[in-house]
Amino acid sequence: MLKQSKVSGLAIALVILIILAAGYFIFQDSDEPVLTLAPETDRVGLALTMTLTAADATSPVKRVSVNVRMGSRIIPVLDKTFTDQEKVRVIEFSLKDTGLKAGPIELECSATDNSLGNLGRGNTPTSARFAMG
């Protein structure tokens, strides 16, 4: 009887240890990538080359996207997925192929890291928004 309770106690301790280890690996990296856009300006032309930097201190950046919003219209500008393990992505882009007319726009930029956070989907910040025009 005593031997069976020792085995049960050991099994329970092992299950708890596995749950704690899994929780640590899933939730250890909850930091989102940091996004910066250059040049810092409130006016852009279609030919202006902009640089988006996505950086994460602890996990590789696996996806970067940029959409432009003009009123209720949303136009995809950039959507790149990476397979290497770089923690900093520097991507240049312009709006020349969007067909936009003059007027105020908003750039919606996002990046997703390769962490196990968010149940393996990585951390994605709420889109950084840059108002222009």
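The following legends describe close-up views of a predicted model.

**Figure 1. Overall arrangement of the secondary structure.** The predicted protein contains one helix and seven strands. Read from the N terminus, the order of the elements is α-β-β-β-β-β-β-β. The protein has 133 residues, of which 30% count as buried.

**Figure 2. Nonpolar surface patch involving helix α1.** Ile 12, Ile 16 and Leu 20 make a nonpolar patch of about 310 Å² on the surface. Helix α1 spans residues 2–27 and includes Ile 16. The relative accessible area of Ile 16 is 45%, and this residue is therefore classed as partly exposed, since the class lies between 20% and 50%.

**Figure 3. The cis peptide bond between Ala 38 and Pro 39.** Ala 38 and Pro 39 are joined by a cis peptide bond, with omega at about 0°. In general, most peptide bonds are trans. Pro 39 belongs to the loop that runs between β1 (34–38) and β2 (50–55).

**Figure 4. Salt bridge between Asp 79 and Arg 63.** Three salt bridges are found in a search of the whole structure, and one of them is shown here, formed by the side chains of Asp 79 and Arg 63 with an N to O distance of 3.0 Å. This pair connects distant parts of the chain: Asp 79 lies in strand β4 (residues 73–81) and Arg 63 in strand β3 (residues 61–70), with their positions 16 residues apart in the numbering. Arg 63 has a relative accessible area of 32% and is partly exposed.

**Figure 5. Salt bridge between Arg 69 and Glu 108.** Arg 69 and Glu 108 form a salt bridge in which the closest N and O atoms are 2.8 Å apart. The two residues are 39 residues apart and link distant parts of the chain, Arg 69 being in strand β3 and Glu 108 in strand β6. The partners fall into separate accessibility classes. Arg 69 counts as partly exposed, at 26% relative accessibility. Glu 108 counts as buried because its relative accessibility of 8% is under the 20% limit.

**Figure 6. Arg 89 with Asp 84 and Phe 82.** Arg 89 takes part in a salt bridge with Asp 84, the side chains meeting at 2.6 Å, N to O. Arg 89 also lies over the face of Phe 82, at 4.0 Å from the ring centre. With a relative accessibility of 7%, Arg 89 counts as buried, whereas Asp 84, at 38%, counts as partly exposed. Aromatic pairs, by comparison, number zero in the structure.

**Figure 7. Polar contact of Ser 94 in a loop.** Ser 94 is placed in the loop between β5 (88–93) and β6 (105–113). From this loop, the side chain of Ser 94 reaches the backbone nitrogen of Lys 96 at a distance of 3.5 Å. Ser 94 has a relative accessible area of 18% and is therefore buried, as the class covers values under 20%.

Note on methods:
Residues are numbered from 1 along each chain as its sequence is written. This is a predicted model: local features need pLDDT of at least 70, side-chain atom pairs count only at pLDDT 80 or more; totals for chains, interfaces and linings use all residues. Side-chain values use heavy atoms; hydrogens and water are left out. Rings of Phe, Tyr and Trp (its six-membered ring) pair if their centres lie within 6.5 Å; planes under 30 degrees apart count as stacked, over 60 as edge-to-face and the rest as tilted. A charge sits over a ring if NZ of Lys or CZ of Arg is within 6 Å of the ring centre and within 35 degrees of the ring normal. Patches are made of residues with over 30% relative accessible area and no salt bridge: like charges are joined within 9 Å, nonpolar side chains (Val, Leu, Ile, Met, Phe, Trp, Tyr) within 5 Å. Accessible areas come from the Shrake-Rupley method with a 1.4 Å probe; for residues, only the protein chains shown count as cover. A salt bridge is a side-chain nitrogen of Lys or Arg within 4 Å of a carboxyl oxygen of Asp or Glu. Helices (H or I, at least four residues) and strands (E, at least two) are DSSP runs, numbered from the N terminus. Buried means under 20% relative accessible area, exposed over 50%, partly exposed in between (1.4 Å probe, protein chains only). A polar contact is a pair of N or O atoms within 3.5 Å; within protein, one must be able to donate a hydrogen and the other to accept it, and residues adjacent in sequence count only if both atoms are side-chain atoms.
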